[in-house]
Structure formats: C-alpha cells, structure tokens
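This report describes one protein chain for a reader who is new to structures. Please look at the sequence and the 3D view before reading on.

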Amino acid sequence: MTAFHKVIATCSVRTAMASDEPKAKKLKLSEDEKTESPSKKAAVELRPNLLFGMGNPLLDISAVVDKDFLDKYSLKPNDQILAEDKHKALFDELVKKFKVEYHAGGATQNSIKIAQWMIQEPHSVGTFFGCIGKDKFGEILKQKAEEAHVDAHYYEQDEEPTGTCAACITGDNRSLVANLAAANCYKKDKHLDLDENWELVEKAKVYYIATKDIKEIAKKAQALPKVNAKRQRIVVFTQGKDETIMALSDKIETFPVLKIDPKDIVDTNGAGDAFVGGFLSGLVQEKPLDQCVRAAHYSANVIIRRAGCTFPEKPDFK
C-alpha cells in the first residue's frame, strides 16, 4: 500500500516506538557521524546493512482476473481496501484460479527494495525487519526479498498468516486488497531486542520512518528526539505531480517533479514508496540532498510506468 507522505530521518529507529515502551540500547555514533552533515560529506564506500527499514511486510500477489471474481468478493475495479472476513479466502483462490506474480511488498519494504535496486552493488545494503507467518506465503516472501538483494530478517510466528496484498487486475484497473495479518504481530522483545538483530541496527547509518497523516508527520517531525543532536533532521514532503518540498533546519527548498505524459502512466500505487527508495539510495551514499531528490524523482518516474512496484533489471539514472 502506498504511503502518501514520507519522512526521511537519520535518527534512531527506536524513536518510532511508543514512548511508554521500555527504553532500549542506544546507537553508537562514530566521531564522523557526530560532527558531519549528510549534505557536506563526500560519497562513502558502500557496505551491507548501511540502510535500515522496519515496517509491515506484505507479499504482493498480482493477477489478471475476471468480473465474476471481483463480484464474488464485492470488489470495485479500481480501489484499495483492507481485507474483511469475507475476503480471507480470496488470496488462496487467486493463486489457484489465476496466473499470479509475487513480489516482496509493503510500503517500507518497497522503499528498501527500490533503494537496493538503485544502488545495485554491493547486495544487502538495505536491511529490513518485520513480522511474517510460518506458512507458504512467508516462504515465498523470504525468497522474493532475497531475489531483490534485501537483507530481510523477519520475526516468524504462527498466530497469524503472512500479510498479503492482492492486486486484482481487470483491463487498466487494479483492485487492491490488503490483509495485514502477521504484519501487525511484531514482538520487539522477541526480535528487535535480540543481540544479533540489534547489531544490524547499530551497523546502519540511515533509518526510514513512514506515515500517512500529514498532520501526524508535522507533529512527529517536530517532537522526535534525536540521538545525534549535531546532525540535522531532514523532512521531505511529496505532493504527487506537484513540487517536492524539503525542510532542513530553517531552510525550505522545492524541486519540480519529472514530467510524464499521462498516457505513459500505468500504475501510481508504488510512486511514494519508490520516491523514498530513490532518496534513501542517495542518502545512504551521503550524496548532496538535491541529488537524493533527483534519484527519488527518477525512481518514482520509473515505477509509475509499470504495473505494481516493479522495475527493470538495472536503473539508468545518471
């Protein structure tokens, strides 16, 4: 599912946790991290686990369906909904009845996946944490994340099935049905707090937090504590076809998006996730922020020309 507005933050992932949760280990900052801004540094040598994302993993299941299938589950041809009880059988039937494509999905995982695609080498620059079920869809999701060269570490449980998002395609329309299921079952104490997992958090330099409510963004961006007070927070707002806004300290910059003929637009559902992934691919390499936005606009422009959050083998971004 697409996150409409994004916050890019180089801060502790723990700030995304509720304030009443137990305090966790602090991130260790190098001397360089304490004193330098990402807009001033030269490009860094990439290594695995520099970028960390945490969110709701979904297995995207896409298929061309017929009107009878939509009618059976009371779906509109072009819509986005959360699955109700009447939709629970939809996912297995979709797989059995139609030719499907699988992709590692969910907004944050999409963004980490796009960032890794933009970076290409080395693999596993992007790390992702989330919760899945111990089932066939969970195994497929692990395989698809591996194929995308994302270093995914899932908390696996058997109370809920792996989260899924069905894309039911009819002509130019896509009806999306998301069942979060296991994605809502993440247990911090059983996964994030484990030493081997927290080591991956500490290895990262860039962390990603996403939300949908612009008012919530403003409040959180203002109120979030920072482990590193000497490093400025970056806040980025996307506005669809309108200019992108970036706030850094007391400075506001705007960037026009890449123009595209409406006839070339296939699917805008992954545009926001792709924007974030492109931005993160530049940020993790400590490129100037205007170049990060250029990479973000490029990624979004590529994704909206294709069905789903998919991309060609290699980017041609320069």
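The text below goes from the whole chain to its salt bridges, its cysteines, two of its helices and one annotated residue.

## The chain as a whole

The model is predicted. The chain has nine helices and 13 strands. Of its 318 residues, 52% count as buried. Contacts can also be sorted by how far apart the partners lie in the sequence. Among contacts between residues at least 6 apart, 75% join residues at least 24 apart.

## Salt bridges

How many salt bridges does the structure hold? The count is twelve. Three of these pairs are set out in the table.

| Pair | Closest N to O distance |
|---|---|
| Lys136 and Asp92 | 3.4 Å |
| Glu147 and Lys144 | 3.2 Å |
| Glu253 and Lys251 | 3.6 Å |

In the pair of Lys136 and Asp92, the side chains meet in a salt bridge. Lys136 belongs to helix H5 (residues 136-147) and Asp92 to helix H3 (residues 90-97), so this salt bridge ties together parts that are 44 residues apart in sequence. Lys136 is partly exposed, its relative accessible area being 48%. Asp92 is partly exposed as well, with a relative accessibility of 32%.

The pair of Glu147 and Lys144 sits within one helix: the two are three residues apart in H5, so about one helical turn separates them. Glu147 is partly exposed at 42% relative accessibility. Lys144 has a relative accessibility of 21% and also counts as partly exposed. For a residue to count as buried, the value would have to be under 20%.

In the pair of Glu253 and Lys251, Glu253 is partly exposed, with 30% relative accessibility. Some salt bridges share partners, and in this way Glu139, Lys142 and Glu156 are joined into one network.

## Cysteines without disulfides

The structure holds zero disulfides. Why is Cys131 not bonded to Cys185? The sulfur of Cys185 is the closest cysteine sulfur to that of Cys131, but the distance is 5.4 Å, which is too far for a bond. A disulfide requires two cysteine sulfur atoms within 2.5 Å. Cys131 is buried, with a relative accessibility of 0%.

Cys165 is in no disulfide either; its nearest cysteine sulfur belongs to Cys168 and is 8.9 Å away. Cys165 also counts as buried, at 5% relative accessibility.

## Helix H3

Helix H3, which holds Asp92, has buried residues too. Which residues of H3 are buried? They are Leu90, Phe91, Glu93 and Leu94. Seen down the helix axis, the buried residues fall within an arc of 165 degrees, so they line one face of H3. These residues pack against several other elements, including helix H2 (67-72), strand E3 (58-64), strand E5 (100-105) and H5. Strands E8 (164-170) and E9 (173-179) are also among the elements they pack against. H3 and H5 are thus linked in two ways: by the packing of buried residues and by the salt bridge between Asp92 and Lys136.

## Helix H9

Helix H9 (residues 289-303) consists of 15 residues. From its first C-alpha to its last it reaches 21 Å, close to the 21 Å expected at 1.5 Å a residue. Is H9 mostly covered or mostly uncovered? Twelve of its 15 residues are buried, and the helix is mostly covered. Among the buried residues are Leu289, Cys292, His297, Tyr298, Asn301 and Ile303. The cover over the buried residues includes helix H4 (107-119), helix H8 (271-283) and strands E11 (234-239), E12 (242-248) and E13 (251-255).

Ile303, a residue of H9, can serve as an example. Ile303 is buried, at 0% relative accessibility. Leaving aside neighbours within four places in sequence, the contacts of Ile303 include Ile114, Asp267, Gly270, Ala271, Ala274 and Phe311. Gly270 and Ile303 are 33 residues apart along the chain, yet their C-alpha atoms are separated by 6.6 Å.

## An annotated residue in H8

Helix H8, part of the cover over H9, contains Asp273. UniProt, in an unreviewed entry, lists Asp273 under "active site". Is Asp273 buried or exposed in this model? Its relative accessibility is 1%, so Asp273 counts as buried.

Technical notes:
Residues are numbered from 1 along each chain as its sequence is written. This is a predicted model: local features need pLDDT of at least 70, side-chain atom pairs count only at pLDDT 80 or more; totals for chains, interfaces and linings use all residues. Side-chain values use heavy atoms; hydrogens and water are left out. A salt bridge is a side-chain nitrogen of Lys or Arg within 4 Å of a carboxyl oxygen of Asp or Glu. Helices (H or I, at least four residues) and strands (E, at least two) are DSSP runs, numbered from the N terminus. Buried means under 20% relative accessible area, exposed over 50%, partly exposed in between (1.4 Å probe, protein chains only). The arc is that of the directions from the helix axis to the C-beta atoms. Contact means heavy atoms within 4.5 Å. The expected span of a helix is 1.5 Å times one less than its number of residues. UniProt positions are given in the numbering used here, feature names are shortened, and annotations may be inferred rather than shown by experiment.
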